[in-house]
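Biologist: Could we go through this model together? I would like to know what its geometry supports.

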Amino acid sequence: MGYNKKMKPREPGRPLHVMVVGRVSTPQQDIENIEAGYIFAEKVLPEIWDGESIITRLGERASGMLVKRETMLEAYELIDEGWPDLVLMEDLSKAFRNPRWILAFVQDCVDADIRVIAPGDHLDTWEDNYEIVLSSAALRHGMHIPDTRRRVRRTSSKTFSEGGMVMKVRYGYRKLTKEEAATGTFGPAKLRIAKAVEATPVIQQLRRLVVEQKKEGRALAYWLNTQLPPIPTGPYSKSDEWTAQMVMGLLTDEILYGKRQFPKVIHTPINRSGEHRRSKNPDPPSNLYPCLAHMTKEEFDEMNAVLEQLGTGATAAGREHPRFQIPRTHAVLPFQFCVCSVCLRFMYLSGYGVMKCQNCREMGNRHCWNHVQTSCDKVREVVIDLLLEHVGRHPEGLKILHDTAWSVLCEERRIAKTSSTSVDREIKSLKAQAERLGKAIALSDKDLPTLVKQLSDIETQLTAASKKAKRKKESERATPQSRKELELDPRATLLELAATNFAFANFVRKIIPNFLVRPVQALDTGLVRPQGVITLDFGAMFKDSDPMKSTPSEQVIVDLFDPPKHIQAVKSVMALKQKKEASGQKASLKIIGRELGINHMTVKRAISYARLMQENGLDKPYRVLTEKPTIASRWRPPQHSQDDNQEDAA
């Protein structure tokens, strides 16, 4: 195919901007194939352009079914900026494999006046009737999907029947190499998994704890975590600490009596995103291997019957859980944000509105000594105040902050409007039902109790729906109604968004990439309080082409608590006292207190505290703890009852 139509850059005299897209799908494919694809696509450049060119190559190893991939997000960002004059790729599957997104990507480029050439598909969007080539190429690439899926399923089924398809193994088992499996030493030849004999006593003890002592998941995890030496969680576990979920997953897996199953989870593709929806396979193919058993089937059934009676202890699960199908990474501030300065792990909610380090829990073998509690509301206030103070120094940054907040608000309003319409329809329907039941009760002389009960239920639902509609209207009135109103007083709105909106929280996390919470202790008490060490990176707000992108990051230390009055007054009290003494004036407690507007006992305590700071050689009112303090208020370990201690000893 010849490319006779010469390119012209949008701005005469500048180089041609070329974006080249490449991709390979799986780890089995050589990463160098991406480079080969670049070279193949760029061969057309001499035919369509004679001058200087600037080439940006975007390539990665990822499935072409995924929509939100790093390279394609970057490609769309460049397209939105109007950077490329030309997009090159070996064939259209380098951008996407799904025909839906292939068509969308090429059409988006055409709409932006960007030429697209894919030599492998003979596509050039500057040719007449290019849509015919585009449609046929997209169809051809899409037809590979079911064929590939069928081959993968066929191969995996055969491999499983021969003892393969060993993905991640649980505690008590290990994956064999092909050479080890071929010997038949650990079981039938080709079986790629073997039992870890040393784990059998541990698994049998877990079974006895369940059957004889009626221990459930959390108690079993605690037992595993407190053994010496520690019992490992398994080669593929992301954590070296047992959790109730991990223990329950192990004890309910039928491989404990030798039954292998595959696939246990069905992955259904989501066409819109290219990701997969996971669901439990109700009847997976299975094979029985006695050499893998840690217990008999009778023992397994007995144990799981007790576990079923005990339950998991969870308050809500599945669709009833408030975070059903919400990824853990989607969190409002300050979650997935604050990190313990001692063990560098996230701080989790540990009570009403407070967080603690996830490793300071009683049940665990990685006890972190940092037990400091941090108020979620206080963290949000500190973060928003820092943003307004520091971003306010840069008008461009302040505009971006307001733009982000306003766009998030508009999106919330759009969703709320749809929800309000649904609630209004529900109220209208319930009122109609109540009216019909009222007429039926008035005309009927039998079955009245049933009708009255139905009417009562509908009235209860109607009251709940009316309250919901009222809350929505009040919430909408409380938010700014215009961009100008937001700019006049943004603090309250930003605090609300930080506590409720995932998108705004992610925006803040980009600006504050590090938020360490370290424990500090006052000099006159054992109470330990949280202090934040915050890294501010305002360059993350700007695009690469913006000069503000190079803004250096800075570190800020802030108290995540409200200091006592006497500590707040130390600096002002000592400054006034020294000033009066230097001028020969009387500096009594009452005089200083009267001038500063504080109680004279607060002045006395402030002077005493300043003396303590001087004795300890500190210029800050708090000492930073780098090891567990010998005396710390509210850090005492919980007191167990005598029965609990006897059970643990048993």
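Modeller: The discussion below covers confidence, cores, sheets and aromatic pairs in turn.

Biologist: What kind of model is it, and what are the ground rules?

Modeller: It is a predicted model, in which local features need pLDDT of at least 70, side-chain atom pairs count only at pLDDT 80 or more, and totals for chains, interfaces and linings use all residues. Residues are numbered from 1 along each chain as its sequence is written, and side-chain values use heavy atoms, with hydrogens and water left out.

Biologist: What is the mean pLDDT of the protein?

Modeller: The mean is 85, and 91% of the residues reach 70 or more; pLDDT is the predictor's confidence in each residue, from 0 to 100. Over residues 640-650 the pLDDT is below 50. Beyond near neighbours in sequence, that stretch has 6 contacts in the model, a contact being heavy atoms within 4.5 Å.

Biologist: Turning to the interior, which residues touch the most other members of the largest nonpolar core?

Modeller: They are Val383, Phe504, Ile512 and Phe515, in a core of 46 residues. Such a core is a set of buried Ala, Val, Leu, Ile, Met, Phe, Trp, Tyr and Cys residues joined through side-chain atoms within 4.5 Å. Buried means under 20% relative accessible area, exposed over 50%, and partly exposed in between, with a 1.4 Å probe and protein chains only.

Biologist: Which elements give two or more residues to this core?

Modeller: They are α11 (376-391), α12 (395-443), α15 (491-500), α16 (502-511), β16 (514-522), β17 (528-536) and β18 (554-559). The most comes from α11, with 8 residues. Helices (H or I, at least four residues) and strands (E, at least two) are DSSP runs, numbered from the N terminus.

Biologist: And what does Val383 touch?

Modeller: Leaving aside residues up to four places away in sequence, Val383 touches Leu333, Phe337, Val508, Ile512 and Phe515. Apart from this core lies another, of 33 residues, among them Ile193, Ala221, Tyr257 and Val306.

Biologist: Which residues of helix α9 are buried, and what do they pack against?

Modeller: In α9 (residues 244-251), Val247, Met248, Gly249, Leu250 and Leu251 are buried. The buried residues of α9 pack against α7 (200-213), α8 (217-225) and α10 (297-310).

Biologist: Let us move to β16. How many of its residues are buried?

Modeller: β16 is mostly covered, with 7 of its 9 residues buried.

Biologist: What are its pairings?

Modeller: Two strands pair if DSSP finds at least two bridges between them. β16 pairs with β12 (residues 339-340) in the parallel sense over 2 bridges, and there Val339 stands opposite Leu516. With β17 the sense is antiparallel over 8 bridges; β16 and β17 form a hairpin with 5 residues between them, and Val517 stands opposite Gly532. β16 also pairs with β19 in the antiparallel sense, over 3 bridges, where the bridge partner of Val520 is Val624.

Biologist: Since β19 has come up, what about the aromatic pair involving Tyr622?

Modeller: Rings of Phe, Tyr and Trp (its six-membered ring) pair if their centres lie within 6.5 Å; planes under 30 degrees apart count as stacked, over 60 as edge-to-face and the rest as tilted. The count by this rule comes to 8 aromatic pairs. Phe561 and Tyr622 form an edge-to-face pair, at 5.2 Å centre to centre and 90° between the planes. The pair links distant parts of the chain, 61 residues apart: Phe561 is in the loop between β18 and α17 (565-568), and Tyr622 is in strand β19 (residues 622-624).

Biologist: Why do both count as buried?

Modeller: Phe561 counts as buried because its relative accessibility is 11%, and Tyr622 because its value is 6%.

Biologist: What is the strand order in the open sheet that contains β1?

Modeller: The 5 strands run in the order β2-β1-β3-β4-β5, with mixed pairing. β2 (53-61) and β5 (123-124) stand at the edges, each with a single partner strand, so one side of each is left without a neighbour in the sheet.

Biologist: And where is His17, buried or exposed?

Modeller: His17 lies in strand β1 and is buried, with a relative accessible area of 12%. Not counting residues up to four places away in sequence, His17 touches Ile54, Trp83, Pro84, Asp85 and Leu86.
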